[in-house]
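Trainee: I'd like a close look at just one part of this model, the sheet, and whatever sits against it. Can you walk me through it strand by strand?

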Amino acid sequence: MKTALTIAGSDSSGGAGIQADLKTMTAHHVFGMSAITALTAQNTTGVTDIMEVTPEFLGAQLDAVFTDIFPDAVKIGMVSGSELIRVIAEKLREYGAKQVVVDPVMVATSGARLISEDAIETLKQELIPLATVITPNIPEAEVLSGCEIRTEEDMLSAGRKIRDTFGVAVLMKGGHSVNDANDLLIEEDKETWFHSTRIDNPNTHGTGCTLSSAIASNLAEGRTLADSVKRAKDYLTGAIAMGLDLGKGHGPLDHAYLIPEIDADLLNAD
């Protein structure tokens with residue numbers, strides 16, 4: 001069985017973060033492992049409290065994983081502090097991590113910054129250059145490129161600038177009023193559009209986490225980046241389309257929609 005490691009925060013309501021990542025990896029028949037950057041008290045209506053782990057403890061978690069079950073791919077989600085970012089980058093270099101997917105969570109859909117300017121600079125200098133691919137949304141791509149993005153041509157221009165600046169492939173998620181749900185993958189030698197239609201479902205909590213961990217799962221299984229992105233988008237679309245409706249706010253996806261229900265008779269068989 002292939003393996004993948006998620007480095008992210010814990011979502012107590014199970015829709016995003018570590019929980020969404022591990023569910024996604026399991027759905028892809030990949031053995032998921034985790035290193036937790038923060039504990040959050042949150043549900044479908046919002047976050048009420050956050051407790052960050054210490055850099056030392058994050059480092060200990062990463063040592064424990066890499067020295068025993070070496071991951072075939074690594075997914076990194078939101079990391080709010082510069083010291084934590086530096087620890088992750090140091091451990092990725094120390095252990096020679098491969099197939100690294102960085103979801104550079106910096107800006108909320110509302111436009112609000114989620115991490116400090118100092119942490120953004122550390123992310124840009126220390127972590128992004130180690131990635132195989134990064135998966136920014138439009139506001140995050142604007143931060144990374146310094147460009148305003150309003151059209152698909154703007155996406156191309158900004159994506160090329162990010163690729164050339166950091167030397168990594170870029171999957172730019174094209175929602176946020178630019179198009180329906182068309183994403184752009186910019187690699188070193190080619191550019192690929194992935195077209196899909198926006199699904200009328202307000203329950204989209206954890207979509208970014210799910211997409212990036214699905215990409216990591218497919219990379220762990222040895223697929224090309226373009227194929228991994230296509231399969232990940234197909235999985236995400238299906239998880240949204242199932243129309244799971246939990247909670248009072250923006251609910252989670254149905255991460256297990258591809259997993260058949262267990263036959264009770266089989267469980268009770270002698």
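Trainee: To start at one end, in which sense do S2 and S3 pair, and over how many bridges?

Mentor: They pair in the antiparallel sense, and 6 bridges hold that pairing (at least two DSSP bridges are needed for strands to count as paired). Before going on, keep in mind that this is a predicted model: local features need pLDDT of at least 70, side-chain atom pairs need 80 or more, and totals for chains, interfaces and linings take in all residues. Numbering runs from 1 along each chain as its sequence is written, and side-chain values use heavy atoms, without hydrogens or water.

One pair of residues to click on in S2 and S3 is Gln-42, which stands opposite Val-47 in S3. Now zoom out to the whole sheet. It is open, has 9 strands and mixed pairing, and reads S3-S2-S1-S4-S5-S6-S7-S8-S9 (strands are DSSP E runs of at least two residues, helices H or I runs of at least four, numbered from the N terminus). S3 (46-52) and S9 (191-194) are the edges: each has a single partner strand, so one side of each lacks a neighbour in the sheet. Helix H1 packs on this sheet and touches S1, S2 and S4 (73-76) (contact is heavy atoms within 4.5 Å). The direction of H1 makes about 150 degrees with that of S1 (angles run from 0 to 180 degrees between N-to-C axes fitted to C-alpha atoms, for helices over the stretch in contact). Helix H2, residues 55-66, also packs on the sheet, touching S1, S2 and S4, and its direction makes about 155 degrees with that of S2.

In S1 (residues 3-11) you'll find Gly-9. Gly-9 is buried, at 17% relative accessible area (buried is under 20%, exposed over 50%, partly exposed in between, with a 1.4 Å probe and protein chains only). Beyond its neighbours within four places in sequence, Gly-9 is in contact with Gly-17, Ile-18, Gln-19, Thr-37, Ala-38 and Met-78. For a sense of scale, the C-alpha atoms of Gly-9 and Ala-158 are 28 Å apart, with the two positions 149 residues apart in sequence numbering.

Two loops that lead into strands are worth a backbone check. In the loop between H1 (17-27) and S2 (31-43) sits His-29, whose phi is positive, near 60 degrees, though His-29 isn't a glycine. His-29 is exposed, at 61% relative accessible area. Gln-99 lies in the loop between helix H3 (82-95) and S5 (100-102), and Gln-99 also has a positive phi, about 50 degrees, without being a glycine. Gln-99 is partly exposed, with a relative accessible area of 27%.

Now follow the sheet to S7, residues 169-172. S6 (133-134) runs parallel to S7, and 2 bridges join them; Val-133 stands opposite Ala-169 there. S8 (183-186) pairs with S7 over 3 bridges in the antiparallel sense, and Leu-185 in S8 is the bridge partner of Leu-171. Both faces of S7 are covered: Ala-169 and Leu-171 are buried on one side, Val-170 and Met-172 on the other.
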